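Grab a coffee and open the viewer. Let's work through a few exercises on this chain, one step at a time.

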Amino acid sequence: MIRWFRHQKLIHQIAVVILAGFCISFLLSFYLLSAEKSERLSRLSASGAVQRVISVVSILSQTPVALHPAMIQASNSSDLHLSVSADPRIQVTRPVSSEATILLNRLEAAGIPEAYLNFIPQARPEQPVAEGHYGMMAGGRNKEFRNRRMRFVATMDGSVRLPEGGWLNFSSGVSPEITHWSASVLITLSLVMAGTVLICLLIIRHALKPVRALEKAAEAFATHKSVTPVSTDCPQDLYPTVQAFNEMQTRLTEYISDRTRLLAAISHDLRTPLTSLRLRLEFIEESEDKQQMLRTLTVMENMLQATMRFARDDGEPEPRCPTEVDTLMQTIVDEYAEKQITIAYQPGGLGVWSVPPLSLRRMTENLVNNAVQYGGRDCRISLQIRQETHHLAVTVADTGPGIDAAKFDDVMKPFTRLNPARDTQDSSVGLGLSITRSLAIAHGGELRLAGNQPHGLVATFTVSAG
């Protein structure tokens, strides 16, 4: 899971981290505020209940005993339940705290010296008012009625001695609706959190624009070898990276240009002495040595021409134009048929594509020539074109000896020949696959090699559409 997350887009990773942080912060804040709210409500409820109990005791002391039940019933409310019994329901104060001491002192100051309070650490449900009143009046059935549901959340129970004897038992609490967060508050907090996350993402997205520009420039340079300077108007942390990338583009372009010019110049300059040698050989008497030297000069000239073509193609990509690719492939197949080379080809019905026609022809012929040259007499060659997403794919397959899969990368390097014992009489300089790969990359594609079954080679190059 962590490995998958690390490979996602940077903006998505930051968004998940920010969202998780806000959610954790929101839940912790909500929990702390809820706890503080409950504690404040409990203290307020307990303080109010004690004050009302003092008032009830004062009234009871001034009224006949026969009226006490009616007075008790009239004093019951949605957050305070009262009852009178012979024995105290609460017989010890717990827990002993500063708050309990303050309330007991208030009771004592009001003329109630004997009182016991029980603070409920976790709010528990109580019973309705009427049931609470009659239940408490039942004395011995206190345990039964305390387990019934009331209309408030109890926070404190207590018992105080009445002046004329007996005990006044009370249970105070708060309404459940008060303890809950309102929907409007929750919706507002959620909207604030969502808005904050959205603003953060927009700021981060704007800050990451130079990274996306860097990505596009790198892709353009790798595909078309075109220099696209990236704006240095970016965060300070990214400035050195952007500046280094721009310098790298310039230096690599200069290096490739110098290498190409040097290669072309050497190849061109060598043509003059080769021409002079050929002229001198024409004045030598006919012999086997003369024919051998002429053949060697021909091979060298072919090698120089191949090198010059490689340098030219590496420096100046061919422009695109609308091309009927099926017709182009059929023309190539017909030209090889005139040379007594059979190629199995089935038109793909792809219609007109915007491609570089000469480069497409040259790449196809390079792959076919390799199959013809190294496939052997019984080699069967097939040609196929198809569409791969937004690319045109051309595949040339043969049933020759093939190439070891471990050497696929090596054979696509310039001037690489896998057979060290091969001499130069075949005029091969190891540029066929290199030229094909360079042309494919220059036009937004690639060159792929794979083994054929049961033997042989499958070479596929792609060219982007448009």
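Below are six exercises on this predicted model, each with a worked solution.

**Exercise 1. Get the overall picture: how many helices and strands does the protein chain hold, and what share of its residues is buried?**

Start with the secondary structure, which comes to 15 helices and 11 strands. Next, look at burial: 36% of the 466 residues count as buried. Finally, check the contacts between residues with a separation of 6 or more; 67% of these join residues 24 or more positions apart.

**Exercise 2. Look at the spans that UniProt labels "transmembrane region", and work out how much of each is helix.**

First, find the spans. The UniProt record, an unreviewed entry, puts the feature at residues 12-33 and 181-204. Now take them in turn. Residues 12-33 are 100% helix and 0% strand, and their end C-alpha atoms lie 31 Å apart. Residues 181-204 are 92% helix and 0% strand, with 33 Å between the end C-alpha atoms.

Then bring in helix H8, which covers residues 183-207. Its 25 residues reach 36 Å from first C-alpha to last, close to the 36 Å expected at 1.5 Å a residue. The buried residues of H8 are Met193, Val197 and Ile204, and they pack against helix H2 (10-61).

**Exercise 3. Trace the open sheet: in what order do its five strands lie, and which ones are at the edges?**

Walk across the sheet and you get S6-S8-S9-S11-S10, with mixed pairing. The edges are strand S6 (343-345) and strand S10 (447-451), each pairing on one side only. From one strand to the next, the twist averages 20°.

Now zoom in on two of the pairs. S8 (residues 381-388) and S9 (residues 391-398) run antiparallel and are joined by eight bridges. In that pair, Ile381 sits opposite Asp398 of S9. S10 and S11 are antiparallel as well, with five bridges, and Leu447 has Phe461 in S11 as its bridge partner. The hairpin of S10 and S11 has five residues between the strands, and in it Gly456 takes a positive phi near 120°.

**Exercise 4. Find what helix H13 packs on, then say how it is built.**

Begin with its packing. H13 (residues 357-375) packs on the sheet, touching S6, S8, S9, S10 and strand S11 (457-464). The direction of H13 makes about 175° with that of S11.

Next comes its length: H13 has 19 residues and reaches 26 Å, close to the 27 Å expected at 1.5 Å a residue. Its buried residues include Leu360, Met363, Leu367, Val368 and Ala371, and also the charged-looking names on the list, Arg361 and Arg362. Last, step off the end of the helix: Gly376 follows H13 and has a positive phi, near 95°.

**Exercise 5. Take the salt bridge of Glu114: what is its partner, and which parts of the chain does the pair link?**

The structure holds 11 salt bridges. Glu114 pairs with Arg161, the closest N and O atoms being 2.8 Å apart. To place the two, note that Glu114 is in the loop between helix H4 (98-109) and strand S2 (115-125), while Arg161 is in strand S3 (residues 153-161). The pair links distant parts of the chain, 47 residues apart.

Are these residues buried, exposed or partly exposed? Glu114 has a relative accessible area of 29%, so it is partly exposed. Arg161 comes to 36%, so it is partly exposed too.

**Exercise 6. Sort out two further salt bridges by how exposed their residues are.**

Start with Glu286 and Lys290, whose closest N and O atoms are 2.9 Å apart. Glu286 is exposed, at 59% relative accessible area. Lys290 has 2% relative accessibility, so it counts as buried.

Move on to Glu446 and Arg448, whose side chains meet in a salt bridge of 2.9 Å, N to O. Glu446 is partly exposed at 38%, and Arg448 is partly exposed at 30%. To finish, follow the shared partners: salt bridges join Arg386, Glu388, Glu446 and Arg448 into one network.

How values were computed: Residues are numbered from 1 along each chain as its sequence is written. This is a predicted model: local features need pLDDT of at least 70, side-chain atom pairs count only at pLDDT 80 or more; totals for chains, interfaces and linings use all residues. Side-chain values use heavy atoms; hydrogens and water are left out. Two strands pair if DSSP finds at least two bridges between them. Helices (H or I, at least four residues) and strands (E, at least two) are DSSP runs, numbered from the N terminus. Axes are lines fitted to C-alpha atoms, for helices over the stretch in contact, and angles run from 0 to 180 degrees between N-to-C directions. Contact means heavy atoms within 4.5 Å. The expected span of a helix is 1.5 Å times one less than its number of residues. Buried means under 20% relative accessible area, exposed over 50%, partly exposed in between (1.4 Å probe, protein chains only). A salt bridge is a side-chain nitrogen of Lys or Arg within 4 Å of a carboxyl oxygen of Asp or Glu. UniProt positions are given in the numbering used here, feature names are shortened, and annotations may be inferred rather than shown by experiment.
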